[in-house]
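Hello,

Here is the structure I promised to pass on to you. Have a look at it first, and then read on for my notes.

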Amino acid sequence: MAPGTVLTDDLLDSFAASVAPVGEAVTLPPVLYTSEEFLEFERRSLFGHDWLYAGLASRIPAPGDYFTCRVNGEALIVARGKDGVIRAFSSVCRHRGMEVVAGAGTCTTFTCPYHQWIYGLDGRLLGAPAMERTEAFDKKEWGLPNVRVEVWQGFVFVNFDPEAPALGPSLARYEPFLEHYDLENCVCPSSFTLTDLPWNWKVMLENFNDGYHANRLHQIIQDFCPSSLAAFPVPWDDASNVIFRTNGYTHIDGGFNATTKALLPIFPHLTEEERWRSTFALIPPSLCLGTAPDQAFFFAVTPRTAGTIDVEIGYLLHPSALAHPMFDHLFKMSDAGVQVFVAQDQDATTKVQRGLSSRFSARGRYSWQEESHVQLNRWLVQRYSRHWPGRSLRVVEERVG
């Protein structure tokens with residue numbers, strides 16, 4: 001173990017207190033939110049092995065469509081092939097390292113601007129000028145490296161670990177709560193990205209799924225969805241990659257806006273029970289997903305430093321919503337309500353991150369309304385202990401759950 005490292009055995013052992021039942025547990029050590037060394041450890045142990053959000057499949061509906069993204073520091077191309085299959089592969093040319101393409105579009109091949117190496121929609125090298133004198137040069141060996149891809153509910157996920165378990169089965173416990181939204185066929189009318197937000201990526205996930213602050217920080221505008229109606233309907237499962245809660249309303253068809261009522265057309269196949277609640281889910285480490293009667297919404301989280309992140313926020317609506325004659329006005333009103341929540345949350349999470357750097361920062365206790373946080377702790381600690389330097393398997397991991 002390197003001298004001066006924060007990755008000590010004592011720190012690892014201290015995680016046991018954060019995976020106890022919610023009535024006994026304490027929060028994770030503050031250093032996990034402030035240390036650049038710990039973030040680099042997370043990049044290797046979590047982001048290097050788990051499924052990461054890359055974009056929406058609806059962005060590339062036809063063969064030849066593509067978009068580019070940067071996932072865990074890697075420039076990727078996500079493209080739909082001639083066979084209709086979505087693939088993801090490195091954008092870094094195998095010749096001299098230039099990124100082959102940026103942005104999004106439609107094409108039949110990708111050509112590196114530097115020396116005109118040509119790649120297919122599956123990353124295969126199709127052409128390389130003036131390489132006939134290069135000994136033992138075989139185009140089959142010089143394609144753009146592919147990464148694993150899974151499309152779940154219309155979200156494209158990638159994984160850099162070829163041995164990682166499949167994503168879909170690990171999200172099954174949340175799928176019954178999404179069935180009547182048909183997210184795969186929803187439309188995304190808008191998304192926006194907030195950059196260099198001054199807090200740790202885990203603070204972002206915790207805040208998104210925190211029922212405890214719902215109508216406390218967001219009083220008045222979220223009184224229709226009070227903390228007291230938070231529920232955790234499915235017990236934690238060690239094999240799960242989704243952490244979620246439901247939150248009931250005080251009236252049917254609630255909405256996160258000044259009217260506290262849904263403004264856009266309600267998803268037509270929702271049950272009455274589903275119209276009386278929202279769901280809030282984490283698919284760590286990169287995606288937050290929620291539902292309301294008239295929309296689904298997602299926050300895609302990208303860590304920059306231990307104390308800064310970028311967040312893309314987007315909406316998913318039933319296709320019929322866009323045909324409403326007042327859609328533009330209703331959507332603007334709905335988005336304005338979200339912006340109130342975003343501003344309040346930004347103020348709170350900025351101050352949380354500052355507080356975590358204080359010498360007086362404590363490992364706090366949880367309310368029952370924060371069960372989701374303990375479940376996230378269990379998800380994290382499983383992975384921390386699995387990849388901890390110098391340790392192959394820890395007692396801490398056995399105590400999770």
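Below is what I found, taken part by part.

One thing to keep in mind from the start: this is a predicted model.

**Helix α3 and its surroundings**

A good place to begin is helix α3, which covers residues 36–47. Its buried residues are Phe-38, Leu-39, Phe-41, Glu-42, Arg-43, Ser-45, Leu-46 and Phe-47. If you wonder what lies over them, the cover includes the helices α1 (9–14), α2 (31–34), α4 (201–208) and α7 (371–387), together with the strands β1 (52–56) and β16 (295–305). At the N-terminal end of α3 you will find a cap made by Ser-35. There, a side-chain oxygen of Ser-35 sits 3.2 Å from the backbone nitrogen of Glu-37.

Helix α7, part of that cover, is also where Arg-383 is located. Is Arg-383 buried or exposed? With a relative accessible area of 7%, Arg-383 is buried, the cut-off being under 20%. A polar atom of its side chain lies 2.9 Å from the backbone oxygen of Trp-379. Setting aside neighbours within four places in sequence, Arg-383 touches Ser-45, Leu-46, Asp-50 and Asn-241. Two of those names, Ser-45 and Leu-46, may ring a bell from the buried residues of α3.

**Strand β15 and its two partners**

Next, please look at strand β15, residues 287–292. Why can we call β15 largely enclosed by the rest of the structure? Because six of its six residues are buried. Both faces are covered: on one side are Leu-287, Leu-289 and Thr-291, and on the other are Cys-288, Gly-290 and Ala-292.

β15 pairs with strand β14 (residues 277–283) in the antiparallel sense, over five bridges. The hairpin that joins β14 to β15 runs through three residues. β15 also pairs with β16, again antiparallel, and here there are six bridges. In this second hairpin, two residues lie between the strands. Cys-288 is a handy landmark for both pairings: Leu-282 is its bridge partner on one hand, and Phe-299 in β16 stands opposite it on the other.

**A three-stranded sheet**

Elsewhere there is an open sheet of three strands, in the order β6-β7-β8, with antiparallel pairing. β6 (110–111) and β8 (125–127) are the edge strands, and each has a single partner, so one side of each is left without a neighbour in the sheet. Between β6 and β7 (residues 118–119) there are two bridges. To find the spot, look for Phe-110, which stands opposite Tyr-119 in β7.

**Cavities**

How many cavities of 30 Å³ or more does a search of the whole structure find? The search gives three.

The largest has a volume of about 380 Å³. It is lined by 24 residues, and those closest to its centre are Phe-256, Phe-280, Phe-297, Phe-299 and Phe-341. At least two lining residues come from each of α4, β16, β17 (308–316) and α6 (327–356). The largest share is that of α6, with five residues. Sorted by class, this lining has 12 nonpolar, eight polar and four charged residues.

The second largest cavity has a volume of about 90 Å³. Its lining includes Leu-194, Leu-197, Trp-199, Met-204, Asn-207 and Phe-299, and further along the chain Val-311, Ile-313, Val-342, Asp-345, Gln-346 and Thr-349. β11 (191–197), α4, β17 and α6 each supply at least two of these residues. Here too α6 gives the most, with four residues. By class, the lining has eight nonpolar, three polar and one charged residues.

Phe-299 is worth picking out on your screen: it stands opposite Cys-288, is among the residues closest to the centre of the largest cavity, and also lines the second largest one.

**An exposed residue to finish**

Lastly, a residue in a loop: Ile-220 is found between α5 (214–217) and β12 (230–231). Its relative accessibility is 67%, so Ile-220 counts as exposed. Its C-alpha atom is separated by 30 Å from that of Arg-363, which is 143 residues away along the chain.

Enjoy exploring, and do write back with any questions.

Best wishes

Terms used: Residues numbered from 1 in each chain as written. Predicted model: local features only at pLDDT ≥ 70, side-chain atom pairs only at ≥ 80, totals over all residues. Heavy atoms only, no water. Buried < 20%, exposed > 50% of the residue type's maximum accessible area, 1.4 Å probe, protein only. Contact = heavy atoms within 4.5 Å. Polar contact = N/O pair within 3.5 Å; in protein donor to acceptor, adjacent residues only side chain to side chain. Pairing = 2+ DSSP bridges. 1 Å grid on protein atoms, 1.4 Å probe; cavity = no way out; pocket = protein on both sides within 12 Å on 5 of 7 lines; lining within 4 Å. Points joined across faces, edges and corners; volume = space filled by probe spheres on them. Nonpolar A, V, L, I, M, F, W, Y, C, P; charged D, E, K, R; others polar.
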